[in-house]
Amino acid sequence: MAGTRIGGLKASKTMKLRYGATVYESIGRKGGEISRGGGFAKDHELARTSGRKGGSVKSLSCNKGHLYEPDNFQMVDRGGYVSRRCLTCYRAATLRKRNSRWEKEKQLRLEKTVDTIT
Ligand SMILES: [Zn+2]
């Protein structure tokens, strides 16, 4: 079975027997020499611009992924801070609300007619 601790220890023993006791040390050194050194860790400016990119991509769409195009969002005041509202989601929510009200009224009418019949 692959990936067990005992297997790893066996493999390590074989590697050391085959290539010498310092085999892992030299592999690590080779990797370290090739590496050009840690992306974001070394390049603060890269981290900043990448973070901005990620942030702006996210703010281009609502939580459900509708794009915030000029005719698809509205600025709304939510208790002191301004936030964007996705009109696609807003319309869907309004429709749901209206439908549920209609359903209720239909139910009421039905009950009334039942009352008048009996
Ligand atoms: Zn939306």
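Two residues are counted as in contact when their C-beta atoms, placed from the backbone, lie within 7 Å. By that criterion, residues 24 or more positions apart supply 9% of the contacts in the chain that have a separation of 6 or more. The structure described here is a predicted model. Its mean pLDDT is 83, and 92% of the residues score at least 70. Confidence peaks in helix α1, at 89, and is lowest in helix α3 (residues 39-42), where the mean is 73.

The overall dimensions come next. The chain has a radius of gyration of 32 Å, whereas a compact globule of 118 residues would have one near 13 Å. Along the principal axes, the C-alpha atoms fill a box of roughly 95 × 45 × 25 Å. Burial is scarce, with buried residues making up 2% of the 118 residues. The chain contains five helices and two strands, and in sequence order these follow the pattern α-α-α-α-β-β-α.

The helices can be taken from the N terminus onward. Helix α1 covers residues 5-19, and its 15 residues reach 21 Å from the first C-alpha to the last, close to the 21 Å expected at 1.5 Å a residue. This helix is hardly covered, since the count of buried residues among its 15 residues is zero. Just after α1 comes Gly20, which takes a positive phi of about 100 degrees.

Helix α2 follows, with twelve residues (23-34). At 1.5 Å a residue it should span 16 Å, and the 17 Å between its end C-alpha atoms agrees with this. None of the twelve is buried, so α2 lies largely in the open. Arg29 belongs to this helix. A residue is exposed if 12 or fewer other C-beta atoms lie within 10 Å of its own; Arg29 has 11 and is therefore exposed. From the C-alpha atom of Arg29 to that of Gly65, 36 residues apart along the chain, the separation is 45 Å.

Helix α5, at residues 87-117, has 31 residues. Its first and last C-alpha atoms are 44 Å apart, close to the expected 45 Å at 1.5 Å a residue. Like the helices described above, α5 can be checked for burial: it is hardly covered, and the count of buried residues among its 31 residues is zero.

The two strands give the model its hairpin. Strand β1 (residues 73-78) pairs with strand β2 (residues 81-86) in the antiparallel sense, over six bridges. Two residues lie between the strands, and Gly79 in the turn has a positive phi of about 55 degrees. Across the pairing, Phe73 stands opposite Cys86 in β2.

Cys86 offers a contrast to the open helices. This residue sits in strand β2 and has 20 other C-beta atoms within 10 Å; because 20 or more counts as buried, Cys86 is buried. Leaving aside residues up to four places away in sequence, Cys86 touches Cys62, His66, Tyr68, Asn72 and Phe73. Gly7, by comparison, is 79 residues from Cys86 in sequence and 55 Å from it in space, C-alpha to C-alpha.

Leu67 lies in the loop between α4 (44-58) and β1. With 11 other C-beta atoms within 10 Å, Leu67 is exposed. Its contacts, again not counting residues up to four places away in sequence, are with Leu60, Ser61 and Asn72. Asn72 is thus touched by Leu67 and also by Cys86. Leu67 and Thr88 are 21 residues apart along the chain, and their C-alpha atoms are separated by 9.4 Å.

Key:
Residues numbered from 1 in each chain as written. Predicted model: local features only at pLDDT ≥ 70, side-chain atom pairs only at ≥ 80, totals over all residues. Helix = DSSP H or I, 4+ residues; strand = E, 2+ residues; numbered from the N terminus. Expected span 1.5 Å × (residues − 1). Rg over C-alpha atoms; globule rule 2.2 N^0.38 Å. Pairing = 2+ DSSP bridges. pLDDT = per-residue confidence, 0-100.
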